[in-house]
Amino acid sequence: MNYKEYNLIVMVVSTIGQPVPRKEGRAKLTGQARYIDDLVLPGMLHGATVRSPVARGLLRAIHYAPGVPWPEFTIVSAHDIPGANCVTLPPVFSMDAALARTEVIWGDDNVFKQYLVTRGNVDAVWTEAHVIVDGEYETGAQEQLYIEPQGMVALTDAQGAVTVWGSMQCPFYIHKALAALFNVPAAKVRVVQMETGGGFGGKEEYPSIIAGHAALLAWKSGRPVKLVYDRAEDMVATTKRHPSRTRHRTAVSRDGRLLAMDIEFTIDGGAYCTLSPVVLSRGTIHAAGPYFCPNIRIRGRAVATNMPPHGAFRGFGAPQSIFALERHMDRVAAAAGLTPDEFRRRNFIQTGQTSAVGQVMKEPIAMERLLDRALVLSDYHAKRSRFADANRHSTRIKRGIGFATFMHGAGFTGSGEQHLASVVAVEALSNGRVRVLAASAEIGQGTNTIFAQIAAEALGLECDDVEVAQPDTATVPDSGPTVASRTCMVVGKLIETASLDFRHRLETAGLLTSRYTPAEFRAACAAYRARHGDLRIAAQYRPPEGLRWDDQRYEGDAYGAYAWAVYVAEVTVDLDTFQTQVDDFVAVQEVGRVINPPLATGQIEGGVAQAIGWALFEDIVWRDGRMVNAQMTNYIMPTSMDLPPIRVFFEEAPYPNGPGGAKGIGELPMDGPAPAIFNAVANATGLNPAHLPLTPEALMELMEKAEPDGP
Amino acid sequence: MSELSRREFLGTTAAGIVGSSAIPAPDVVANQSPPAPVSAPRTAIRLIVNGRERDVEVEDRWTLAEMLRDHLQLTGTKVGCDRGECGACTVLLDGAPIYSCSYLAVWAASRSVETVEGLAAGAQLHPVQQAFIDHDAPQGGFCTSGQLMSAKALLAATPRPTADQARAALTGNLCRCSNYNHYVEAVVAAGASSSIVPESGRGDGQ
């Protein structure tokens with residue numbers, strides 16, 4: 001069929017690119033949106049999980065305290081599990097301890113996973129280098145801290161059916177976990193996503209555990225069971241962003257070009273393997289950033305410790321390795337005698353060049369234009385010289401400006417999307433509207449709205465003519481998890497394809513001509529349904545042509561598309577209080593075509609804010625492998641008073657394999673702010689901040705180390 | 001089954017009493033005489049909720065959030081932390097914003113409580129709700145009810161707030177989607193629109 005022809009027609013209606021209001025906005029503003037804790041079933045019990053008070057040990061016996069009416073309780077343990085329980089002794093609390101192997105808690109080396117990426121031969125060029133710069137950078141754990149705590153309600157019946165409702169990103173992950181846990185056929189398990197108040201990766205994997213606990217209690221008690229985490233439990237027990245340490249050794253030629261990048265990237269996986277290998281994979285692939293270098297070696301490894309397991313959090317390993325790289329690049333530029341922007345200009349990867357993992361970059365890359373625009377919008381050069389002057393005359397207040405240039409690959413890495421083989425469907429409803437069926441969860445990022453826009457555009461309808469089904473594994477196909485900046489680009493593309501096929505079906509049935517009104521479209525759907533029963537068109541993922549990836553050699557087209565960005569941060573550092581305040585923030589990015597400008601802007605602002613928190617405030621305090629500051633009053637995230645103006649700008653370069661030309665957007669804004677802020681602090685103070693978060697205490701220590709005699 | 005609230009249950013398990021085991025509820029407790037059932041003291045209160053007089057017999061230990069959500073089915077008020085940190089449970093008490101998770105229901109006797117459900121007049125959204133839509137303020141939506149109530153209190157006291165005033169008024173309402181700047185713009189815009197009805201004229205019992 002001829003898609004071009006459809007595109008001509010849809011230009012008339014065009015909802016893509018419009019500020020369409022959020023589809024579920026009214027429900028969220030009137031208190032009508034139903035979250036998991038709002039669900040009450042008749043006879044429902046409340047469940048809770050009892051956890052080990054020690055980080056590593058053996059369970060020898062369970063004692064029941066006197067004075068509690070135990071027969072009123074239903075208690076389940078590992079012995080009760082009817083299916084698989086395959087969530088597989090002095091504790092190990094740091095990456096160094098793990099790597100020293102004094103205690104081996106995983107395999108024979110405490111390493112969950114490692115990758116080795118090599119291009120050229122780094123060891124052959126050190127002697128010809130004009131300058132060589134070493135650096136070591138660390139990042140701490142970060143809690144997702146969605147305001148809605150995790151929770152599930154479970155119901156089972158005598159025939160072995162298991163149903164759960166809950167707060168989640170990935171209904172089919174839970175579906176698979178429950179089928180295994182209960183050893184029942186997939187058809188016996190049903191998972192329904194309730195309205196979900198934020199996820200950020202924290203509701204990717206962990207909800208399967210809560211669903212399992214709730215379902216076991218429901219099964220044993222014969223009653224519905226609600227298990228909603230208390231905030232402190234949520235903070236202590238669920239997965240967080242992996243702490244990381246990155247070591248760089250970089251060689252630069254006399255003309256300021258990268259000769260060699262030797263990178264060692266290590267993340268702390270915690271006590272269970274979970275998603276660490278894939279987090280490591282993304283972090284490793286992004287470790288060399290948007291630069292071309294003929295000789296690269298990246299050694300990535302995820303180590304086992306007895307910390308709580310770390311997992312998915314917006315950016316998925318990339319913010320860690322990009323933080324190290326972009327902080328390092330400023331230092332390399334200085335050593336090479338170049339400004340941060342000139343050094344980057346000389347080294348940006350260009351279309352046709354090959355990335356660290358052997359991907360020949362085919363898409364147009366506009367990093368230089370993004371950089372130009374960001375520096376103008378932030379008044380970078382003028383401010384840099386003005387601040388330098390002012391800082392000379394000020395002992396207490398130091399101002400600085402810095403930036404980061406980076407990219408983020410959208411969708412699953414390598415052959416991941418092929419393995420997922422996601423499916424969506426579009427169907428005609430008896431009320432005359434069209435419904436999109438996908439398992440992709442609305443978690444605040446705007447899935448409902450952009451799916452409706454994409455379908456409406458392809459069908460030549462208004463957004464209000466399109467419904468988006470609540471993810472329920474009994475009614476929607478498996479469109480894959482709601483992760484990896486894949487919802488818009490990958491799943492959205494499937495919806496576009498299914499919608500175009502839907503329209504084509506009506507045309508070939510002779511029920512629709514090339515131009516039609518919404519009423520004619522409804523009539524055509526009704527006529528088709530009268531003739532054939534129903535009208536439901538599915539689409540399944542097929543990789544874009546020319547995409548190749550070798551899992552064994554870990555080489556090839558790592559991602560179908562990248563979003564590109566330049567972020568500039570302006571800071572004030574107070575050397576009496578050691579507080580760092582971000583005064584202004586400019587975010588310029590190319591994410592393909594923007595489907596919904598306010599939603600896209602909200603995604604960027606939110607990611608930037610979370611990254612400001614990660615860079616400056618959010619400090620998890622560990623004691624014996626346990627988070628001890630598990631409250632919102634001592635784990636500090638940004639409030640409305642802590643954010644600068646976040647000025648968001650898009651360059652639009654349509655990507656042919658995304659819906660309406662869109663690429664992924666959600667994770668990108670988590671990558672750049674931390675190094676931009678650190679580079680600004682370095683600019684303000686002359687220090688080399690390299691450990692994140694840069695709390696006032698950390699900055700004070702850095703200052704004292706830099707000036708042992710005091711000011 | 002004795003009446004046990006989730007708060008009480010979680011408190012019990014946090015103290016490490018419940019064990020997870022297949023060992024049937026064991027002999028350890030067989031010799032113990034079961035504890036006397038605790039009957040929590042209750043108080044009959046009359047209060048105004050969203051302009052309507054309500055008589056409720058509350059347990060003295062219930063928080064206002066618990067009463068609203070679990071007993072009056074006003075689930076638009078959310079509980080994000082249950083200890084006065086996140087602000088998702090913000091409601092108005094005689095027009096002033098409070099954290100309903102940290103305020104006892106019994107204290108609300110003879111007072112007026114307003115929740116998110118009381119903002120719209122039928123299908124007609126309150127101007128601040130409309131402004132939140134226009135500025136795409138809610139993302140995940142879980143903090144939104146609290147943001148709305150804090151915003152409403154601000155607009156009642158300061159009908160045309162500046163951005164700084166809006167920022168300060170919302171600072172007790174955490175938003176992890178971090179759409180703060182959109183919330184602030186929406187509140188300022190709601191103030192700038194002349195359609196805000198002065199608080200005294202709403203006739204909702206305040």
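**Interfaces within chain A and between chains A and B**

In this predicted model, zero salt bridges are found by the rule across the interface of domain 2 of chain A and domain 3 of chain A, although five residue pairs, both at pLDDT 80 or more, are in polar contact there. Of the secondary-structure elements, β13 (397-410) and α16 (597-616) of chain A each contribute at least two residues to the side of domain 2 that touches domain 3, and that side is made up of 10 nonpolar, nine polar and three charged residues.

Domain 2 spans 244-413 + 554-706 and domain 3 spans 422-540, and their C-alpha centres are separated by 37 Å. The contact involves 22 residues of domain 2 and 17 residues of domain 3, and about 1400 Å² is buried between the two domains, with 64% of this area on carbon and sulfur atoms. Within domain 2, the most area is lost to domain 3 by Phe412(A), Ile595(A) and Pro659(A), which together account for 35% of what that side buries.

Between the chains, 79 residues of chain A and 59 residues of chain B take part in the contact, burying about 5900 Å², of which 61% comes from carbon and sulfur atoms. In chain A, Leu29(A), Tyr64(A) and Ser640(A) lose the most area to chain B, together 13% of what that side buries. The count of salt bridges between chain A and chain B is six, one of them joining Lys78(B) to Asp38(A) with the closest N and O atoms 2.4 Å apart, while 28 residue pairs, both at pLDDT 80 or more, are in polar contact across this interface. The largest contribution to the side of chain A that touches chain B comes from α16(A), with nine residues, and the residues of that side comprise 39 nonpolar, 24 polar and 16 charged.

Definitions and conventions: Residues numbered from 1 in each chain as written. Chains lettered and ligands numbered in written order. Predicted model: local features only at pLDDT ≥ 70, side-chain atom pairs only at ≥ 80, totals over all residues. Heavy atoms only, no water. Domains from an automatic or database assignment. Contact = heavy atoms within 4.5 Å. Buried area = accessible area lost by both parts, 1.4 Å probe. Salt bridge = Lys/Arg side-chain N within 4 Å of Asp/Glu carboxyl O. Polar contact = N/O pair within 3.5 Å; in protein donor to acceptor, adjacent residues only side chain to side chain. Helix = DSSP H or I, 4+ residues; strand = E, 2+ residues; numbered from the N terminus. Nonpolar A, V, L, I, M, F, W, Y, C, P; charged D, E, K, R; others polar.
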